[in-house]
Amino acid sequence: MTSASRPSDLDPAVAARLKRSPDGLVPAIAQQYDTGEVLMLGWMDDEALHRTLTTGRATYWSRSRQEYWVKGDTSGHVQHVKAVALDCDADTVLVKVDQVGAACHTGTRTCFDSDVLPLSQ
């Protein structure tokens, strides 16, 4: 079953606005709500977004495992959702969270702190 074909209780008005990839997903950026720190990028389909909006816990679709995962259920590194927004094109979700522990699967606070690329001057 592809992501796009899974049933969802997402508000139809929100679902109609989303611009998904061919596999039915939208990128979801997790950001620390009070500092603006960018924590990670995950993927959501309609049902993952619905679960995120209704449970207060960030829920993603794992492309590798082909299943939903609630951030922190196995690691304890929970993302408590404070706000969710769509970008101007409705093709990316911004999830403002209160991150407990590491956001990255490598055990670091953010997925974007260990491989900073040099800028040409």
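## Exercises on strands and turns

Gln 66 is partly exposed, with a relative accessible area of 46%. This value, like the others here, comes from a predicted model, so let's work through what the model shows, using the cut-offs of under 20% for buried and over 50% for exposed.

**Exercise 1.** Find where Gln 66 lies and describe its backbone.

*Solution.* Start with the location: Gln 66 sits in the loop that links β3 (59-62) and β4 (67-70). Next, look at phi, which is positive at about 55° although Gln 66 is not a glycine. For comparison, most residues other than glycine have a negative phi.

**Exercise 2.** Is Ala 90 buried or exposed, and in which loop does it lie?

*Solution.* Step one: Ala 90 belongs to the loop between β5 and β6. Step two: these two strands form a hairpin, with 6 residues between them. Step three: the phi of Ala 90 is positive, about 60°, and this residue is not a glycine either. Step four: Ala 90 has a relative accessible area of 6%. Because buried means under 20%, Ala 90 counts as buried.

**Exercise 3.** Work out which strands pair with β6 and how its faces differ.

*Solution.* Begin with β5 (residues 79-86), which pairs with β6 in the antiparallel sense over 7 bridges; here Val 81 has Val 97 as its bridge partner. Then turn to β1 (residues 26-32), which runs parallel to β6 and is joined to it by 5 bridges; Ala 28 is partnered with Val 93. Finally, sort the residues of β6 (93-99): Val 93, Val 95, Val 97 and Gln 99 make up the covered face, while Leu 94, Lys 96 and Asp 98 make up the uncovered one.

Technical notes:
Residues numbered from 1 in each chain as written. Predicted model: local features only at pLDDT ≥ 70, side-chain atom pairs only at ≥ 80, totals over all residues. Heavy atoms only, no water. Buried < 20%, exposed > 50% of the residue type's maximum accessible area, 1.4 Å probe, protein only. Helix = DSSP H or I, 4+ residues; strand = E, 2+ residues; numbered from the N terminus. Pairing = 2+ DSSP bridges.
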